[in-house]
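Student: I'm new to this one and would like a close look at a single part. Could you pick a helix that packs against others, and then walk me outwards from there?

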Amino acid sequence: MALRVPQGNGPQLFKEGYKNLQGLEEVIFRNIQATKEMSEITRTSFGPNGRNKMVVNHLEKLFVTNDAATIIRELEVVHPAAKLIVMASQQQEAEAGDGTNYVIIFASELLQRAEPLLRMGLHPSEIARGYELALKAALAALDGLATEQVAAWTDKDELLKAIKTAIASKQYGQEQMLGELVAEAVATAMPARDAKRFNVDNVRVVKVLGGALSQSRVEHGMVFPRAPETAAQSARFAKVAVFSCPVDMGQTETKGTVLLHNAKEMLDYTKGEEAQMSRAVLELHEAGVKAVVCGAGVGDLALHYFNRCGMLAIRVPSKFELRRLCRVLGANPLARLGVPTPEEMGYCDEISTTEIGGDRVTIVRQWTADELAASEFAADRPAFADRIQRSPLVTVVLRGATQNALDDAERAVDDGVNVVKALTKDPRLVPGACASEMELARLVHDAADRTAGINQHAMKAFAQALEVFARTMGDNAGVDSTALVAKLIAAHHASAAPEGALTGPSVGVDVDCDYEPRLIDASEARILDPLAVKQWGLTYATQAALTVLQVDQIVMAKTAGGPKLPKQNAGHWDDDD
């Protein structure tokens with residue numbers, strides 16, 4: 001890169017306060033250093049032995065987690081190069097649902113491997129071309145590493161082999177139990193005909209404080225962590241009316257004054273409201289409505305008439321929960337209080353109230369064909385119930401001692417569900433435990449040896465960067481990462497295997513080793529990762545690194561805003577008088 005000679009005092013190009021940085025030292029090396037510091041924050045949280053981070057955000061809310069997506073979302077990153085890496089990881093979360101830390105670590109390692117090449121005199125464009133060739137070779141080789149695929153979307157064992165690895169990185173030791181819960185929930189919510197239409201929103205999570213994580217369970221239906229408002233606590237084969245408005249008497253927009261002349265006028269004052277509410281509730285009752293769901297409050301007068309008619313009323317304050325419930329019931333939410341038409345009315349086989357721990361919860365569910373056949377009340381089910389379009393929604397009820405533990409378990413469940421969503425697009429699985437990355441490093445290195453010209457140096461740097469995952473897993477497991485990587489390289493490059501030695505493309509890291517690094521056959525141990533997650537992770541990380549690498553100048557405007565307010569004293573403003 002040409003040397004930039006400082007110019008004398010010429011015409012001023014920008015306003016006062018602008019920052020103009022350019023050159024290798026001021027821009028590229030500083031950007032590489034910023035991305036390195038960013039990856040060092042999340043790198044120790046990678047893998048099953050990843051450490052937790054305690055993050056307090058700008059609202060003073062505490063997060064204790066090893067989930068990289070949560071960590072970077074709550075951190076306010078201001079450096080422009082680090083922001084690019086964060087945006088790439090967020091896109092990975094949106095596309096594949098997992099692999100956020102994967103993108104941050106690999107993008108940072110690519111930039112660190114590019115630094116010595118830049119100091120040797122290579123141009124950033126030459127390194128970028130080499131990285132693009134290496135990425136193309138890695139993605140082509142990744143297709144050949146697929147060993148298995150998910151064959152049946154309603155088979156829990158088939159789903160479990162892909163879900164366990166994703167959950168183990170968040171809840172190591174609990175992956176079998178949580179994986180079975182997620183597999184049961186996903187198998188129930190999976191569409192019968194087209195798996196690509198699977199909606200992750202059909203698997204909900206409800207956190208109930210208390211108990212242990214092993215007491216978590218799956219409920220086939222929608223669970224609300226609150227009891228019904230009325231005396232009636234259950235209903236069966238019920239028509240349901242859903243209102244997004246409060247079930248109460250309407251309030252006027254303007255203030256008014258009522259002049260009462262005698263006691264009779266005072267007694268008759270509220271009778272009009274009572275008659276109107278009584279008429280509205282009786283009309284619902286006569287239409288066959290047994291349960292009412294409202295998105296806002298339920299007035300005392302309405303509760304009185306609901307109890308007199310023996311109807312059940314549930315309050316759902318969240319509009320998102322109300323939309324999900326409408327999908328379960330096949331109902332349309334009404335913005336006015338009145339009798340819904342048959343098309344707007346929903347239907348539910350069972351609404352029940354039960355106690356989980358010390359909390360009362362309401363369960364809204366539709367019966368399966370097996371439950372209906374075994375029930376003695378099947379004859380009472382109305383004929384129109386089968387014609388209503390409903391969504392098979394499932395709720396995972398999590399138990400835990402602290403709110404932070406419940407939040408972390410919820411993130412693990414979400415990762416498991418999102419992995420299944422990614423698998424519906426591409427059902428292929430590759431060996432996990434860093435086996436695929438080490439095999440890709442070997443194949444890319446071989447491709448670099450066959451490449452003529454200066455691009456081979458960047459391709460070899462790309463292959464060396466792929467070893468960062470095994471090194472990180474070794475560091476987090478507390479073993480010698482250099483010896484671990486050396487063992488993995490020997491196992492993947494071995495042409496003839498000695499008796500009893502592990503060799504081949506599926507050899508990975510054993511995180512259960514005590515003192516010395518140990519290897520494991522990932523395919524035999526059923527440690528499998530979705531191919532799509534690694535495919536998108538490699539693509540996004542490389543694109544983010546190339547974007548940062550090809551920046552040669554940073555122009556920063558002066559921060560908008562007026563003068564800062566003077567610091568206020570901690571005491572009361574009257575204390576100075």
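Tutor: Here is a short tour that begins with one helix and its partners, then visits a few single residues.

A word on the ground rules: this is a predicted model, so local features need a pLDDT of at least 70, side-chain atom pairs count only at pLDDT 80 or more, and totals for chains, interfaces and linings use all residues. Residues are numbered from 1 along each chain as its sequence is written, and side-chain values use heavy atoms, with hydrogens and water left out.

First, the whole chain. There are 18 helices and 18 strands in it; these are DSSP runs numbered from the N terminus, with helices being H or I of at least four residues and strands being E of at least two. The C-alpha trace spans about 100 × 75 × 45 Å along its principal axes. Of the 577 residues, 47% count as buried, where buried means under 20% relative accessible area, exposed means over 50%, and partly exposed is in between (1.4 Å probe, protein chains only). Contact here means heavy atoms within 4.5 Å. Among contacts with a separation of 6 or more, 75% are between residues 24 or more positions apart.

Now for our part: helix 13, which covers residues 403–425. One of its partners is helix 7 (residues 175–189), and the two axes come within 10 Å and cross at roughly 45 degrees. Axes are lines fitted to C-alpha atoms, for helices over the stretch in contact, and angles run from 0 to 180 degrees between N-to-C directions. That crossing angle makes helix 7 oblique to helix 13. As for the labels, under 35 degrees is roughly parallel, over 145 is roughly antiparallel, 65 to 115 is roughly perpendicular, and the rest is oblique. The crossing of helix 7 past helix 13 is right-handed, meaning that the near helix is turned clockwise from the far one by less than a right angle; anticlockwise would be left-handed. If you zoom in, Leu178, Val182 and Val186 of helix 7 meet Val413, Gly416, Val417 and Val420 of helix 13. Sorted by type, the residues of this contact are six nonpolar, one polar and no charged. In that scheme Ala, Val, Leu, Ile, Met, Phe, Trp, Tyr, Cys and Pro are nonpolar, Asp, Glu, Lys and Arg are charged, and the others, Gly among them, are polar.

Another partner of helix 13 is helix 3 (residues 80–96): their axes come within 8 Å and cross at roughly 70 degrees. That makes helix 3 roughly perpendicular to helix 13. Here Glu93, Glu95 and Ala96 from helix 3 meet Asp415, Asn418, Val419, Ala422 and Lys425 from helix 13. This contact divides into three nonpolar, one polar and four charged residues.

Back to helix 7 for a moment. Glutamine 174 sits in the loop between helix 6 (156–168) and helix 7, and it is partly exposed at 30% relative accessibility. Glutamine 174 and leucine 213 are 39 residues apart in sequence, yet 8.5 Å apart in space, C-alpha to C-alpha.

Leucine 133, in helix 5 (residues 124–144), is partly exposed too, at 38% relative accessible area. Leucine 133 and alanine 458 are 325 residues apart in sequence and 9.0 Å apart in space, C-alpha to C-alpha. Leaving out residues up to four places away in sequence, leucine 133 touches Asn455 and Met459.

Threonine 472, in helix 16 (residues 468–477), is buried, with a relative accessible area of 1%. Not counting residues up to four places away in sequence, threonine 472 touches Arg43 and Phe46.

Last stop: aspartate 510, in the loop between strand 15 (507–509) and strand 16 (519–521). Aspartate 510 is buried, at 12% relative accessible area. Its side chain reaches the backbone nitrogen of aspartate 512 at 3.1 Å. That is a polar contact, a pair of N or O atoms within 3.5 Å; within protein, one must be able to donate a hydrogen and the other to accept it, and residues adjacent in sequence count only if both atoms are side-chain atoms. Aspartate 510 also touches Arg518, Leu519 and Ile520, not counting residues up to four places away in sequence.
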